[in-house]
Amino acid sequence: MKWVTAKARVLEAGGVRVEGVPVDQYITHSLAGPGAGAGGSFFFACGDDRRVRLTPDPAGDIALVHEGGGAAALHIGGRIVRGRLERAALHCPHQAYITVSAGCRYRCRFCTVPLRQGRRKTIDEIIRLVDGVRPGISAIALTGGVWSDPGEEERYVLEVISRLKRFGIPIGASIYPVPGTPQRLRDHGVAEVKFNLETATPDLFREICPGHDREMVLDALRNSVALFGKGHVFSNIIIGLGETDREMEVCVSELAEMGVIPILRPLTPAAGLADLRRPSAERLLRLCGMHGDALRRHELDGRAALSMCAACTGCDLAPWRDL
Ligand code: SF4
């Protein structure tokens with residue numbers, strides 16, 4: 001089975017049945033990304049840089065068999081894909097990916113962050129977290145909810161960044177933008193940014209992300225390309241919110257034309273969208289082909305990514321890694 005097909009099947013399933021040697025030492029409990037706050041997840045890698053993030057599901061049809069010492073295999077419908085388990089640094093392999101504020105004043109319908117009523121990390125705490133995983137990381141990434149208002153969140157994240165610069169590795173930031181955010185992040189030495197458009201269409205955005213301003217996000221993305229360079233600006237778009245393939249293609253093309261790399265993220269049904277279904281493997285594969293074509297047309301190469309999801313690729317089909 002080709003890697004991309006195996007990964008699409010795992011993303012469609014949403015979880016794997018774990019067999020063999022326990023995988024406890026590989027499990028991380030994360031406050032960000034798909035499945036945040038659930039029972040934990042771990043990473044399966046194949047070859048040099050292909051990986052998928054796995055969530056244990058005792059009832060899963062796909063089995064992950066851990067043979068010990070990290071050697072493992074995915075068993076998918078009678079086919080076997082061999083690889084190894086990979087340890088996360090903080091949240092994902094090779095990065096200290098930190099959720100600054102684990103709470104949010106907004107209520108995006110797919111997101112579990114507002115439901116958990118977590119807390120904001122202190123700057124000293126963040127420094128200690130990064131210190132604890134050095135030297136095994138190549139980047140620091142910051143994300144989180146909007147604790148009180150977007151301007152205040154940005155000011156706090158900029159303070160955090162000022163203190164993190166001393167580690168001397170690239171910093172990626174994914175925050176909710178306000179006017180001037182890209183320039184201020186750049187002035188603070190951030191290497192890459194991710195501003196999430198979340199939905200393929202403006203109508204879905206209004207429905208799924210109440211209170212957010214899609215034009216503001218698009219403006220931030222547009223301005224960021226000139227500041228951070230092509231291939232260093234990203235935007236998550238969720239697959240499975242009711243958009244058509246054609247609508248997804250239009251959105252991906254619009255972003256790629258601006259020099260932004262879209263990250264096509266399969267929906268994890270949760271929070272206000274718990275009754276929706278995960279997108280099928282067939283759809284994920286179809287959209288991955290379209291995504292790869294759009295990136296090629298606009299000479300965008302995700303392999304240049306230094307941080308965040310484009311460098312990790314655990315939760316999505318990423319044409320630059322998985323095809
Ligand atoms: S792809 Fe992004 S959300 Fe998923 S594990 Fe990697 S860094 Fe986290």
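**Exercise 1. Work out how the two domains of this predicted model are placed, given that 23 Å separate the centres of domain 1 and domain 2, taken over C-alpha atoms.**

Solution. Begin with the division of the protein chain, which gives domain 1 as residues 3-86 and domain 2 as residues 91-322. Next, turn to the contacts: 25 residues of domain 1 are in contact with 26 residues of domain 2. On the side of domain 1 that touches domain 2, the elements that give two or more residues are α1 and β3, and α1 gives the most, with eight residues.

**Exercise 2. Describe helix α1 and the stretch that comes after this helix.**

Solution. Start with the helix itself, residues 3-13, in which V4, A6, K7, A8, R9, V10 and L11 are buried. Then ask what covers these buried residues of α1: the cover includes β3, β5 (71-76) and β6, together with β13 (261-266), α9 and α11 (319-322). After α1 comes G14, which has a positive phi near 85°.

**Exercise 3. Decide whether G15 is buried or exposed, and find which residues G15 touches.**

Solution. First, locate G15 in the loop between α1 and β1. The cut-off for a buried residue is 20 or more other C-beta atoms within 10 Å; G15 has 20 such atoms and is therefore buried. Once residues up to four places away in sequence are set aside, G15 touches T55, P56, D57 and G60. Finally, consider A318, which lies 303 residues from G15 along the chain; the C-alpha atoms of these two residues are separated by 19 Å.

**Exercise 4. Establish the strand order of the open six-stranded sheet and examine the pairing of β2 with β6.**

Solution. Reading across the open sheet of six strands gives the order β1-β4-β5-β6-β2-β3, and the pairing is mixed. The edge strands are β1 (17-20) and β3 (50-54), each of which pairs on one side only. From one strand to the next, the twist averages 35°. Within this order, take strand β2 (residues 42-46) and strand β6 (residues 79-86), which pair in the antiparallel sense over three bridges. A residue-level view of these strands is given by F44, which stands opposite L85 in β6.

**Exercise 5. Explain why the largest nonpolar core lies between the two domains.**

Solution. The core in question has 95 residues, and A173 and A310 are those with the most contacts inside it. Helix α9 (residues 281-297) supplies the largest share of this core, namely six residues. Because domain 1 (3-86) and domain 2 (91-322) both give residues to this core, it lies between them. To look more closely at A310, leave aside its neighbours within four places in sequence: A310 is then in contact with F234, I261, I263, G302, A305 and A318.

**Exercise 6. Compare the span of helix α7 with the expected span, and identify its buried residues and what covers them.**

Solution. Helix α7 runs over residues 214-228, a total of 15 residues, and reaches 21 Å from its first C-alpha to its last, which is close to the 21 Å expected at 1.5 Å a residue. Its buried residues are A220, L221, N223, S224 and F228. The elements covering those residues include two helices, α5 (181-187) and α8 (245-258), and two strands, β11 (192-194) and β12 (233-239). Just after α7, G229 takes a positive phi of about 95°.

Conventions
Residues numbered from 1 in each chain as written. Predicted model: local features only at pLDDT ≥ 70, side-chain atom pairs only at ≥ 80, totals over all residues. Helix = DSSP H or I, 4+ residues; strand = E, 2+ residues; numbered from the N terminus. Expected span 1.5 Å × (residues − 1). Buried ≥ 20, exposed ≤ 12 C-beta atoms within 10 Å, placed from the backbone. Contact = placed C-beta atoms within 7 Å. Pairing = 2+ DSSP bridges. Axes fitted to C-alpha atoms, helices over the stretch in contact; angles between N-to-C directions. Core = buried A, V, L, I, M, F, W, Y, C linked by C-beta atoms within 7 Å. Domains from an automatic or database assignment.
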